[in-house]
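Subject: Structure for you to look at

Hello,

Here is the structure I promised to pass on. Please open it first, and then read my notes alongside it.

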Number of protein chains: 2
Amino acid sequence: MPKGDHKSRQLVTNTSGFNITLGDTQPMNLDNGAQFGPFDIAYQTYGILNAEKSNVILICHALTGDQYVAGEHPVTGRSGWWDEMVGVGKPIDTERFFVICINALGGCMGSAGPKEIDPKTNRPYGLEFPVITIADMVRAQKLVIEQLGIDQLFCVVGGSMGAMQVLEWASRYKDNVFSAMPIAGAARHTAQNIAFHEVGRQAILADPDWHGGNYMEHGAVPRRGLGVARMTAHITYLSEAALHRKFGRNLQNRAQPSYGFDADFQVESYLRHQGSTFVERFDANSYLYITRAMDYFDLAAEYGGSLAAAFDGVKARFCIVSFSSDWLFPTAENRAIVHALNAVAADVSFVEIESDQGHDAFLLDEPEFRRVAKGFIDSCAEQRGLGRPDR
Amino acid sequence: MPKGDHKSRQLVTNTSGFNITLGDTQPMNLDNGAQFGPFDIAYQTYGILNAEKSNVILICHALTGDQYVAGEHPVTGRSGWWDEMVGVGKPIDTERFFVICINALGGCMGSAGPKEIDPKTNRPYGLEFPVITIADMVRAQKLVIEQLGIDQLFCVVGGSMGAMQVLEWASRYKDNVFSAMPIAGAARHTAQNIAFHEVGRQAILADPDWHGGNYMEHGAVPRRGLGVARMTAHITYLSEAALHRKFGRNLQNRAQPSYGFDADFQVESYLRHQGSTFVERFDANSYLYITRAMDYFDLAAEYGGSLAAAFDGVKARFCIVSFSSDWLFPTAENRAIVHALNAVAADVSFVEIESDQGHDAFLLDEPEFRRVAKGFIDSCAEQRGLGRPDR
């Protein structure tokens, strides 16, 4: 194989991704008691499915992520959000594995969500979209996997909200997961997590351009509210140390403070930029729905209040990863998962990566994290009979 | 003295407080280069000034505090914000000390600020109010103290933004401060602190009812923006542990989630309440100005970048207090103050109080903190020739 030909070898089978209609013959049961369907789910794949369909890695994306994990994003034109991890020779090696990433139910990159057309009314769902849960997202993913004729996922992996989905997969579909890597996750959303999400939602709801959720009909976008929501959330994704290292108290393009309310400090300018660019790529109502799904997540509650009960009979090998400076999904929450898995004698390893990059570390250049991920995946691949990597 | 007669012994000389006009003969120089005056400052006193005027404790309030530290608040009807600390027999004993608390310049409880009338135009200052700094607030306080004929403050004490003012007093007016107790403070606002303030400001600026700062003229109040700002800030005042202990994932008045965007969780309901009550007592433009003053605070920068230089020649005895679960003004920031004071051989003691109550701990029932404060104040009083307490 020619050297330097990585791009063609990355084997994205369809750069703009796939769409599949689910729940048309039988609607899907949601946690809120409703039945839902038909509905569309959008996903992307990378690599080639082997004959035994035993080399599938399902990546679950985070709150504001989407199915475009690697290569060029068809909407933003930038690299996929997990380019660090997914590609030829990377820990999630697209030469060896068939990688699937599914836009979460409720999302805004092609899967059924508030901004998509409700086939029953031919109008956008808006707030008629049902309030969904992490389990509902995973139910939809399971239907996609079944439609593709895949029985068992070789690995389910994801960070943050993705980690919640990984945990849901491993506990709900015990026969269908060979290995699981929840990263920077938690088995429940804490009071502080809920509090920060609530602030973001209130910022959106307070924006008159939200129009009670019907902004599309008004040709409006609640930019300011969604921008403030993103700014708040973004602070929680970074550590104090990372903010200090990146920006400190440095002024933006000036030697002296302006004594005004402009973005005097670099950190202000950075946050404003984060807010304004986010608005271009994300739907405000989706933000409401997906944050709500995360708030509702409490895996133990689904199993009578016992996290160990959630994992009883689990078959997957687990690798739990946390980052030392992550204060949003701190190591303690990840360790609670490990303890519950230990209580049912599951096959589990746990690594806390030393990093000052906060919660976002799982998206960033963290060599030690990549080594851990590669080691776990390669070892599981050998156990699964998928051989060893060339390198 | 009759037992149980505490109320009359508390000696608030004027329940609705005092007003004083400053800068009428000579305007005050501000850090932004402008000259300011005449302007009003509102303050409250408790206890009796002794003949030597040597028993004065100046309390500096925090961002959203005011001059009503103890007794009944004339506006809210609730207890003063530091009732835990100030009163007969309390650490700041109003039977022994003459307590002054001054509404900060830029505030909204009677001191000159954006909602007050500019005597030059007879209209509210609004955004014509100058952008001020912590040093400007302290300059105004110094003028009040001079007007009262007080040369040296026996003690300057305050938490959070109040602590910033204490540090400014001790470094700027070295001969005028006998002892100083900055609590849960910092010698600079960090990037993360600035980031959270910026989110709050953007929430206010995004509210159409803000009307470019002229909401008073429009008969409007930017309730939603100010509410969101308060909600965000309030999360930072509490620790994750305190939020978990108080609320956890408990639902509000329901057994099952509503699968909607109502305040399902107690923590959401609590935050919404914090937001809506705050709007009743605080001015949105004041919030912009005072957060900005805190952001600009960097005591070392005022002294060529060296915090030790700021304290060079300092005469006050210091007691620095931090709280273990305070992540907004963490122990590390307080320790940096101690190190700088040590570098100039100042008289300094440092206590980190074990508490799970976060930054707000200094306002709450913390017996160990009260013991530390009482010990420091009583010991300084003895050194100052103010005798020992009866009890």
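Below is what I found, going from domains to the chain contact and then to one sheet.

Please keep in mind that this is a predicted model.

Domains of chain A
The domain assignment splits chain A into domain 1, made of 6–188 and 300–383, and domain 2, which covers 194–291. Their centres, taken over C-alpha atoms, are 26 Å apart. Where the two domains of chain A meet, 25 residues of domain 1 are in contact with 18 residues of domain 2. The domain 1 side of that contact has 12 nonpolar, 10 polar and three charged residues.

Where the chains meet
Chain A and chain B each bring 42 residues to their contact. On the chain B side, α4, α5, α6, α7 and α8 each supply at least two residues. The largest share, 11 residues, comes from α4(B). By class, the chain B side has 22 nonpolar, nine polar and 11 charged residues.

A sheet in chain B
Chain B also has an open sheet of eight strands with mixed pairing, in the order β1-β4-β8-β5-β11-β12-β13-β14. β1 and β14 of chain B each have a single partner strand, so one side of each has no neighbour in the sheet. On average, neighbouring strands are turned by 20° against each other, direction ignored.

Within this sheet, β11 and β12 of chain B pair in the parallel sense over four bridges, and B:Val157 has B:Met181 as its bridge partner in β12(B). Helix α10 of chain B (residues 331–343) packs on the sheet and touches β12, β13 and β14 of chain B. The direction of α10(B) makes about 160° with that of β13(B).

Happy browsing!

Terms used
Residues are numbered from 1 along each chain as its sequence is written. Chains are lettered from A and ligands numbered from 1 in the order in which they are written. This is a predicted model: local features need pLDDT of at least 70, side-chain atom pairs count only at pLDDT 80 or more; totals for chains, interfaces and linings use all residues. Domain bounds come from an automatic or database domain assignment. Two residues are in contact if their C-beta atoms, placed from the backbone, lie within 7 Å. Ala, Val, Leu, Ile, Met, Phe, Trp, Tyr, Cys and Pro count as nonpolar, Asp, Glu, Lys and Arg as charged, and the others, Gly among them, as polar. Two strands pair if DSSP finds at least two bridges between them. Axes are lines fitted to C-alpha atoms, for helices over the stretch in contact, and angles run from 0 to 180 degrees between N-to-C directions.
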